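Have your viewer ready and show the chain as a cartoon. We will go from the whole fold to one helix and then to the sheet behind it.

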Amino acid sequence: MKKLSAVQLKQQALVFSVADSLEAQALEALKGMQQCWFDVQYHQFPGSLLLRFQFESEEALSAAEPELKKWQRKLSAALLKKGVVLKDMRRHLVFTTLGPDD
């Protein structure tokens, strides 16, 4: 794996802080949520950022689905506060039952 540049390390720290913050809020607010995880290619940041909220079951996922737009807006707002603009917030956060190893 290639070593990250100084800029990419800053991007990584920013993504981790935003993801940790949203995960803490979502664990309290969304019943059945297990964790938040993400994928990103730092050389294509922020366009390649994809956060996933993992749920324990399809039922929990279905119950949380109406809240998806709210959480997409929260992600966009949190990144905007850090100086990162997302062109299409719907592409950067999804709800799923799959884990990082699936």
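Contact, on this tour, means heavy atoms within 4.5 Å. Helices (H or I, at least four residues) and strands (E, at least two) are DSSP runs, numbered from the N terminus. This is a predicted model, in which local features need pLDDT of at least 70 and side-chain atom pairs count only at pLDDT 80 or more, while totals for chains, interfaces and linings use all residues. Residues are numbered from 1 along each chain as its sequence is written, and side-chain values use heavy atoms, with hydrogens and water left out.

**Stop 1: the whole chain.** Colour by secondary structure and you will find three helices and three strands, in the sequence pattern α-β-β-α-α-β. Residues 24 or more positions apart account for 60% of the contacts with a separation of 6 or more. Buried residues (under 20% relative accessible area with a 1.4 Å probe, protein chains only; exposed is over 50%, partly exposed in between) make up 41% of the 102 residues.

**Stop 2: helix 3.** Select residues 68–81. Now show side chains for Leu68, Trp71, Gln72, Leu75, Ser76 and Leu79, which are buried. Look down the axis of helix 3: its buried residues fall within an arc of 140° (using directions from the helix axis to the C-beta atoms), so they line one face. In general, an α-helix has 3.6 residues a turn, so residues three or four places apart point the same way.

What covers those buried residues? The cover includes helix 1, strand 2, helix 2 (58–64) and strand 3. Turn to the face away from the buried side to find the exposed residues Lys69, Leu80 and Lys81. Just after helix 3, click Gly83, which takes a positive phi of about 90°.

**Stop 3: the sheet.** Select the three strands: they form an open sheet in the order 1-2-3, with mixed pairing (two strands pair if DSSP finds at least two bridges between them). Strand 1 (33–39) and strand 3 (93–96) are at the edges with a single partner strand each, so one side of each has no neighbour in the sheet. Strand 1 pairs with strand 2 (residues 50–55) in the antiparallel sense over six bridges. To see one bridge, pick Trp37 and its partner in strand 2, Arg52.

**Stop 4: helices on the sheet.** Add helix 1 (residues 6–29), which packs on the sheet and touches strand 1 and strand 2. Helix 3 also packs on the sheet, touching strand 2 and strand 3.

Key:
Axes are lines fitted to C-alpha atoms, for helices over the stretch in contact, and angles run from 0 to 180 degrees between N-to-C directions.
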